[in-house]
Amino acid sequence: MAVHLRELLAERKQAKDDSRSLLIRTIMAKSGSQTYLSRRTGLSAATVSTIVREFAEKRWVKVTQVRNESHVEIAQTTGAAVGVELGFRHAAVVARRAEHGYEDAKIELRKVGAALGSSRWLPGVTEAIRDAVGELGEEEIAAIGLAVPRVVNPHNGKLMPPALPPWNAGEDPAAMLFDELRTGGKVRIVAPSVVLDNDANLAAFAESVYAFPDAEILIGIKASTGIGAGIVIGGKKFRGAIGVAGEIGHLVVEQGGKFCSCGGRGCLETIIGADALVEQAKTVLAGQKLSTYDELADLVQKAVQGNVACRRVLEEAARTLGSAIGNLCNMLNPNVVVLGGAFGREDAVNFTLAPCREALERSAMRSAVKGDGFKLEPSQVKHAAAHGALMVAFEGTSYVAA
Ligand SMILES: [Zn+2]
């Protein structure tokens, strides 16, 4: 008899101490040995073992012996968990059951994004969610998270004012999506809310869970339309006091430089954000046009196909980015920096990674980025922000505690 995901999620409300909810969430994110679960949660081996036994008695988890280690996984569940990544022009939806691995998630991609306005992205994303959940053979959404490229207040899960384009003041994308999902259709939402978080935070979190579980300090760079970074320390998202941590796009790298959408001047984003790169590309392409729907994607595509001018623009940008990451390394001394977004695309890293690494090594202290203690790696998890959003949905609205 399958347990409904709702029941597992209710644990976080009922638990007097947070360790039970932390542990069940951690197992829902990824199954693993008790040693792994202890390391990932910071709970003692004895505590993990006691709680796992309780969960097994309730038939929430299955415990098997793998090479003298107790391997813990979620038992059969019903109810879908959904993660949505809403970019400016693209959306990715992942849906799975709690017992599935992330690589088994159903994936739906749509060419809609926040820049097209809510009359376009809301129905587009909702359809993608319903399709993904339907493919899973489920009718109920028990947990759903939404990743957006904006600062999200970790205390209330709302966009931090002032509203920056394409968002308008007071707009709450999570509430809008929640209402849209309640408007009928075969797939129903039973989750109490849609959980909102910043896309770079969530992408970094997914990389830390699925690709680099041993990294104590991981920084995930998401360089696409905007430039952001997510920081994961000891398995936890580091958001800062009000969610601004990791906003490397707004590091001032040119005193008195161009004005930026944040109100500052000379931010990194004014030099290597999509608008700046597209402008540079248009100059060097001398009359050749970029596709109008997503100019940055077309620029990367042309570079991948061997266009020397486009490649040059991206190499220079990767160098500028590397230098900024180097400064970050001096502050946080990470074990791993993951390069994601347009710069981390599988087919782009063979010309972005080397200049990025070279500049990083020049701007960082030698001891921070040389030797075994440091790695710069391209993104390993496809649609990482969507998978991160799915995991943050397991946390419900307990933003700060998580
Ligand atoms: Zn700025």
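In which sense do strand 2 and strand 4 pair, and over how many bridges? Strand 2 and strand 4 pair in the antiparallel sense, over 2 bridges. Two strands count as paired if DSSP finds at least two bridges between them. Helices (H or I, at least four residues) and strands (E, at least two) are DSSP runs numbered from the N terminus.

The model is predicted: local features need pLDDT of at least 70, side-chain atom pairs count only at pLDDT 80 or more, and totals for chains, interfaces and linings use all residues. Residues are numbered from 1 along each chain as its sequence is written.

**Domains**

The protein chain is divided into domain 1 (3–76), domain 2 (79–201 + 385–394) and domain 3 (213–379); such bounds come from an automatic or database domain assignment. Between the C-alpha centres of domain 1 and domain 2 the distance is 26 Å. In the contact of these two domains, 12 residues of domain 1 meet 9 residues of domain 2, where contact means that C-beta atoms, placed from the backbone, lie within 7 Å. On the domain 1 side, helix 1 (5–14), helix 2 (18–29) and strand 4 (69–74) each supply at least two residues. Helix 1 gives the largest share, 4 residues.

**Sheets**

| Sheet order | Pairing | Edge strands |
|---|---|---|
| 2-4-3, 3 strands | antiparallel | strand 2 (32–33), strand 3 (61–66) |
| 14-13-12-15-16, 5 strands | mixed | strand 14 (236–237), strand 16 (375–378) |

In the sheet of 3 strands, Ser33 stands opposite His71 of strand 4. Helix 4 (residues 45–57) packs on this sheet, touching strand 3 and strand 4, and its direction makes about 120 degrees with that of strand 3. Axes are lines fitted to C-alpha atoms, for helices over the stretch in contact, and angles run from 0 to 180 degrees between N-to-C directions.

In the sheet of 5 strands, strand 13 (residues 227–233) and strand 14 pair in the antiparallel sense over 2 bridges. Val232 has Lys237 in strand 14 as its bridge partner. Helix 11 (residues 308–332) packs on this sheet and touches strand 12 (217–223), strand 13 and strand 15 (336–341); its direction makes about 155 degrees with that of strand 12.

**Helix 5**

Among the buried residues of helix 5 are Trp121, Leu122, Val125 and Arg130; a residue is buried if 20 or more other C-beta atoms, placed from the backbone, lie within 10 Å of its own. The buried residues of helix 5 pack against elements including strand 6 (80–86), strand 9 (140–148) and helix 6 (173–181). Just after helix 5, Gly137 has a positive phi of about 80 degrees.

Terms used: A residue is buried if 20 or more other C-beta atoms lie within 10 Å of its own, exposed if 12 or fewer, and partly exposed in between; C-beta atoms are placed from the backbone.
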